[in-house]
Amino acid sequence: MYIPVNDMLKHFKQDAPAMANITHKSDQWSPYHDNSGTVLAVGIPGAVIVAGDTRLSNGYNILSRDATKLSQLTDKCVLATAGQYADFIALRKFLQQRLQLYEFQNEVQASTETVAHLLSRELYSRRFFPYYTFNLLAGLDENNHGVVYGYDAIGSYDKMTYGVQGSGQELVVAVLDNQLKGYNKINKTIPQTREEILDIILDCFSCAAERDIHTGDNVEILIITAAGTERIVKPLRKD
Amino acid sequence: MLKHLYDTDCVTWSPQGKLFQVEYAMEAVKQGSICLGLKSNEYVVLCSLKRQPSELAGYQEKQFKIDDHMAIAIAGLTADARVLCKYMRTECLEYKYTYESHHPVGRLVFKVAEKSQHKTQSGAKRPYGVGLLVAGIDPNGVHLFETCPSGNYYEYKCQAIGSRSQAARTYFESWFHLFEKSTLEQLILHGLSALKKAIMEDEELNERNVEVGILGKNQKFIHLNAQELKDYIVKLETFNANTQIQQE
């Protein structure tokens, strides 16, 4: 059948809407709020370190200086979430309930890998009204080595050695690329010990707090090892 | 005895005002191996004797965690117990999800009792053939409840149900006045002493056939492991119930 070329081209060219027709609905109510803040997680042999600032904000307002973004789901793994706080709470509740049921049914706690997949499925189940959460799942794998899984809002995930999410993500991830992987580093010494990595993490948060208005107040750090969980809280800039 | 005229189903009363089917269900509980519970101001301890169907088989577990603050010990039909256990666990999870706190113990026992009663008032159903000892801690304090196939429930300071439980109850009657102020170790030793009264002459308590669970105001429900059980059974030899201390 002969299709006139112009008709055919219509399928490929998107016409720009005429200026008169654009109506900006910028004052429509949105179910989403970004409560911001930054979280990061680093996995090392034998341990995983998860950190999140404790500032909760909405636009230019601070809602709380003392709100945790970290949630320990099993003995071996922790969920760290940046994004909308209400969705973080809802997601955490769901996972806590589901993991307790798992423990009753299987008589053993879910492994980190299992929790990672469960989280992905739950996020995708809300594909058409997503949880506004940017998650990191940090935990110990079956060999008790630290592992980090990073997610987008709808559940796409991947295993990583370290990850950052939240409003300070771009500021911090570049530093970690440099310090932990040695990218663009002239003196390629990679830190090996937990203390060195903790120092780097604290520095990262201080740096993020300097430039990102949504990051600050305190940084809460959880260190998960086979022996248990240690919690450290350090102050950050409050402005 | 004209029992057989009135015992076909739950919807038939006997002239003496009894529901024989419900009474028969309570018999099933009495056939189960013994389990007992006792509480102090701070702790509840559950002790059970596990039965082994044959040399080749494992021992049947009798204590199940319902939530961090609650656990049950069962006597009777294990399959029926599983159903009630699953129901209680689901209720606790839903309560926690909605109210972000632990299910009040008495309230959950009431729900189980309601469920049990429902089975006693229908032509097509049979009562649950299992009795539960429910140990739980909530803001109202430390609790030990017993539930029955009849749908009744009672709160106790200490109680024993199952086979030869009368012997354990007799022990409790002598010593329960001490339990309120007992330490956890003393409570466990009292529980094991009571259990020992209820075993047959040729039986003995060991770490395989005894199950001990503990629950405290600052202690989530936990089972004692094999080594701990062994140690307590050894301590049992020299435990004096009256003074609650080890003596030679």
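Which residues of α2(B) are buried (under 20% relative accessible area with a 1.4 Å probe, protein chains only)? Phe20(B), Val22(B), Ala25(B) and Val29(B) are. This is a predicted model, with local features needing pLDDT of at least 70, side-chain atom pairs pLDDT 80 or more, and totals for chains, interfaces and linings using all residues. Residues count from 1 along each chain as written, chains are lettered from A in the order written, and side-chain values use heavy atoms, leaving out hydrogens and water.

**View 1. Helix α2 of chain B and what it packs on.** The buried residues of α2(B) pack against α1 (3–6), β4 (70–76) and β5 (130–138) of chain B; contact here is heavy atoms within 4.5 Å. Helices (H or I, at least four residues) and strands (E, at least two) are DSSP runs, numbered from the N terminus. At 1.5 Å a residue (times one less than the residue count), the twelve residues 20–31 should span 16 Å, and the end C-alpha atoms sit 17 Å apart, which agrees.

**View 2. An open five-stranded sheet in chain A.** The strand order is β10-β1-β2-β11-β12, with antiparallel pairing; a pair needs at least two DSSP bridges. β10 (162–166) and β12 (228–235) of chain A are the edges, each with a single partner strand, so one side of each has no neighbour in the sheet.

**View 3. Where β2 meets β11 in chain A.** Strands β2 (residues 47–53) and β11 (residues 218–225) of chain A pair antiparallel over seven bridges. Ala51(A) sits opposite Ile221(A) in β11(A).

Definitions and conventions: Buried means under 20% relative accessible area, exposed over 50%, partly exposed in between (1.4 Å probe, protein chains only).
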